Amino acid sequence: MLELAADYNILRIDPVKAAFGAIALAVVYFFVARKAVPKVMKVLDERHDAIEGGIERAKHAEAEAEEIRQQYREKLEESHREYAQELEKAKEQRAAIIAEAREEAQAEAARIIESAKAQIEADRQQAVVQLRAEIGSLSTELASRIVGETLSDSTAQTRVVDRFLEELEQDESAKQAEVR
């Protein structure tokens with residue numbers, strides 16, 4: 001066996017097999033270099049572009065979102081300012097309405113007071129007229145009893161009543177002056 005093994009060297013390269021292997025390697029290399037590598041590179045480039053495009057789209061979307069957020073903040077601040085202005089207007093309107101209602105109430109109270117005063121004055125005048133008539137008839141009756149004559153003449157009656165009332169008013173004025 002040693003002899004047989006000495007004739008056959010395992011490390012020896014067969015030139016036909018080596019040539020065939022080199023040709024096969026060249027064909028595989030050519031196939032891989034021409035067909036597979038460009039397709040793989042194309043897929044890798046597409047993925048790279050998709051990733052880079054996705055990153056760019058994400059950055060763009062983030063920038064748009066930030067811009068929209070900023071617009072929202074500005075609109076929110078504007079609405080807060082408008083709310084404050086409307087609130088201030090409402091306060092002013094409330095104050096104006098209260099002042100107007102107060103003025104109307106005061107005017108109505110003054111009107112009611114004037115009406116009451118006028119009614120009181122009218123009632124007083126009516127009472128004075130009734131009192132004068134009553135005093136007149138009583139004084140005429142009294143005078144008739146004192147004098148012993150009937151005062152049937154209306155002019156004489158009126159004169160006597162007026163003189164009596166004047167005396168009463170003078171006495172009442174003197175009493176009021178003393179009280180003061």
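Visitor: So buried means under 20% relative accessible area, exposed means over 50%, and partly exposed is anything in between. Where does that put Arg-124, buried, exposed or partly exposed?

Guide: Partly exposed, because the relative accessibility of Arg-124 is 43%. Keep in mind that this is a predicted model.

Visitor: Fair enough. What does Arg-124 form a salt bridge with?

Guide: With Glu-121, and the closest N and O atoms of that pair are 3.0 Å apart.

Visitor: How far apart are those two along helix α2?

Guide: Glu-121 and Arg-124 are 3 residues apart in helix α2, so about one helical turn separates them. Glu-121 has 35% relative accessibility, so this residue is partly exposed too.

Visitor: OK, let me step back. How many helices and strands does the chain have?

Guide: The chain has 3 helices and 0 strands. Reading from the N terminus, the order of elements is α-α-α.

Visitor: And which residues does helix α2 take in?

Guide: Helix α2 covers residues 15-147.

Visitor: What share of the chain is buried?

Guide: Buried residues account for 6% of the 180 residues. The chain exposes about 16400 Å², with carbon and sulfur atoms supplying 60% of that area.

Visitor: Is there an annotation on record? Which residues does the "transmembrane region" cover?

Guide: The UniProt annotation, from an unreviewed entry, places it at residues 15-32. In the model that stretch is 100% helix and 0% strand. The C-alpha atoms at its two ends lie 25 Å apart.

Visitor: Back to salt bridges. How many are there in the whole structure?

Guide: A search of the whole structure turns up 6. Besides the bridge between Glu-121 and Arg-124, there is one between Glu-78 and Arg-81, at 2.7 Å from N to O.

Visitor: What's the spacing of Glu-78 and Arg-81 in the helix?

Guide: They sit 3 residues apart in helix α2, which means a separation of about one helical turn. Glu-78 is partly exposed because its relative accessibility is 33%, and Arg-81 is also partly exposed, at 43% relative accessible area.

Visitor: Which residues are linked in a network of salt bridges?

Guide: Glu-66, Arg-69 and Arg-73 are. Within that network, Arg-69 bridges to Glu-66, and their closest N and O atoms are 2.4 Å apart.

Visitor: How are Arg-69 and Glu-66 placed along the helix?

Guide: They are 3 residues apart in helix α2, so about one helical turn lies between them.

Visitor: And are they buried, exposed or partly exposed?

Guide: Arg-69 is partly exposed, with a relative accessible area of 39%. Glu-66 is partly exposed as well, at 36% relative accessibility.

Visitor: New topic, the surface. Which residues form the negative patch?

Guide: Asp-45, Glu-46, Asp-49, Glu-52 and Glu-56 form it. One of them, Glu-46, lies in helix α2.

Visitor: Why does Glu-46 count as partly exposed?

Guide: Because its relative accessibility is 46%, and partly exposed runs between 20% and 50%.

Visitor: What about a nonpolar patch, which residues form that?

Guide: Val-28, Phe-31, Val-32, Val-37, Val-40, Met-41 and Leu-44 form a nonpolar surface patch. Together they have about 600 Å² of accessible area.

Visitor: Pick Val-37. Where is that residue found?

Guide: Val-37 is in helix α2. At 38% relative accessibility, Val-37 counts as partly exposed.

Conventions: Residues are numbered from 1 along each chain as its sequence is written. This is a predicted model: local features need pLDDT of at least 70, side-chain atom pairs count only at pLDDT 80 or more; totals for chains, interfaces and linings use all residues. Side-chain values use heavy atoms; hydrogens and water are left out. Patches are made of residues with over 30% relative accessible area and no salt bridge: like charges are joined within 9 Å, nonpolar side chains (Val, Leu, Ile, Met, Phe, Trp, Tyr) within 5 Å. Accessible areas come from the Shrake-Rupley method with a 1.4 Å probe; for residues, only the protein chains shown count as cover. A salt bridge is a side-chain nitrogen of Lys or Arg within 4 Å of a carboxyl oxygen of Asp or Glu. Lys and Arg count as positive and Asp and Glu as negative; His and the chain ends are not counted. The place of a charge is taken as NZ of Lys, CZ of Arg, CG of Asp or CD of Glu. Helices (H or I, at least four residues) and strands (E, at least two) are DSSP runs, numbered from the N terminus. Buried means under 20% relative accessible area, exposed over 50%, partly exposed in between (1.4 Å probe, protein chains only). UniProt positions are given in the numbering used here, feature names are shortened, and annotations may be inferred rather than shown by experiment.
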